[in-house]
Amino acid sequence: MSEQFRVVFSGFKPGTDSQAATEQLAAKLKVSAQKVADFTTGKSLFGPADKQKCLKQAKLLAVYGIQSKLQSQSQPSTGSDTAQSAANERVFDALDYITSSLIRIEEKLDELEQRIDGKQVKDEQHEEDEWEDESLFSELELDSEPPKRSKKFLYILLSLLVLLLVVLGISLAFPELVPV
């Protein structure tokens, strides 16, 4: 991926009428004169592009008496800072939502687990009531513990949380990968 640049305003050439230059450039680019005037105050007129395209844009500006320079997009500008902070805010909001959702899911799982355990206890008590003759049980060894239930679903949720945290870390480490 090639490095991206942006053309930024640096001034007018000596002897250039700024009003006429902005009007002529606006007519050439078929944009409003206000947009070109905003460019002279620090806003961007062209989007980020590769170096060759930005050099052509700077050459076009020079024809109308506007001096400009190339700025690498690796240097954050105030507009991109705002966009980046908005993107970070959305990521943190999403992470907060995911975390609260996982907590609710875990609470529901605990509740279901308690219901299932309570039902099993009732079933065992009911079975004990049916067998009143203890002579059958005296021959069997019933002191063994019941097998532990699998917590597969809990492990899946935990791995999903870890995966989401890894994705968040990657998006924070490489913000250019996150579409704005």
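**A salt bridge within helix H4 and the crossing of helices H1 and H2**

With a relative accessibility of 54%, Arg 115 counts as exposed, because the cut-off for this class is over 50%. The model described here is predicted. Glu 111, by contrast in class, is partly exposed, its relative accessible area being 35%. These two residues are joined by a salt bridge, in which the closest N and O atoms are 2.9 Å apart. The distance falls within the 4 Å that defines such a pair. Both Arg 115 and Glu 111 belong to helix H4, which covers residues 78–130. Along this helix they are four residues apart, or about one turn. The structure holds one salt bridge in total.

A second feature concerns the packing of two further helices. Helix H1 comprises residues 18–29 and helix H2 residues 33–40. Their axes come within 8 Å of each other and cross at roughly 125 degrees. H1 is therefore oblique to H2, because this angle lies outside the range of 65 to 115 degrees counted as roughly perpendicular and is not over 145 degrees, the bound for roughly antiparallel. The crossing of H1 past H2 is right-handed. On the side of H1, the contact is made by Thr 22, Leu 25 and Ala 26; H2 contributes Ala 33, Val 36 and Thr 40. Sorted by class, the residues of this contact are four nonpolar and two polar, with no charged residues.

Key: Residues are numbered from 1 along each chain as its sequence is written. This is a predicted model: local features need pLDDT of at least 70, side-chain atom pairs count only at pLDDT 80 or more; totals for chains, interfaces and linings use all residues. Side-chain values use heavy atoms; hydrogens and water are left out. Axes are lines fitted to C-alpha atoms, for helices over the stretch in contact, and angles run from 0 to 180 degrees between N-to-C directions. Helices (H or I, at least four residues) and strands (E, at least two) are DSSP runs, numbered from the N terminus. Angles under 35 degrees count as roughly parallel, over 145 as roughly antiparallel, 65 to 115 as roughly perpendicular and the rest as oblique. A crossing is left-handed if the near helix is turned anticlockwise from the far one by less than a right angle, and right-handed if clockwise. Contact means heavy atoms within 4.5 Å. Ala, Val, Leu, Ile, Met, Phe, Trp, Tyr, Cys and Pro count as nonpolar, Asp, Glu, Lys and Arg as charged, and the others, Gly among them, as polar. A salt bridge is a side-chain nitrogen of Lys or Arg within 4 Å of a carboxyl oxygen of Asp or Glu. Buried means under 20% relative accessible area, exposed over 50%, partly exposed in between (1.4 Å probe, protein chains only).
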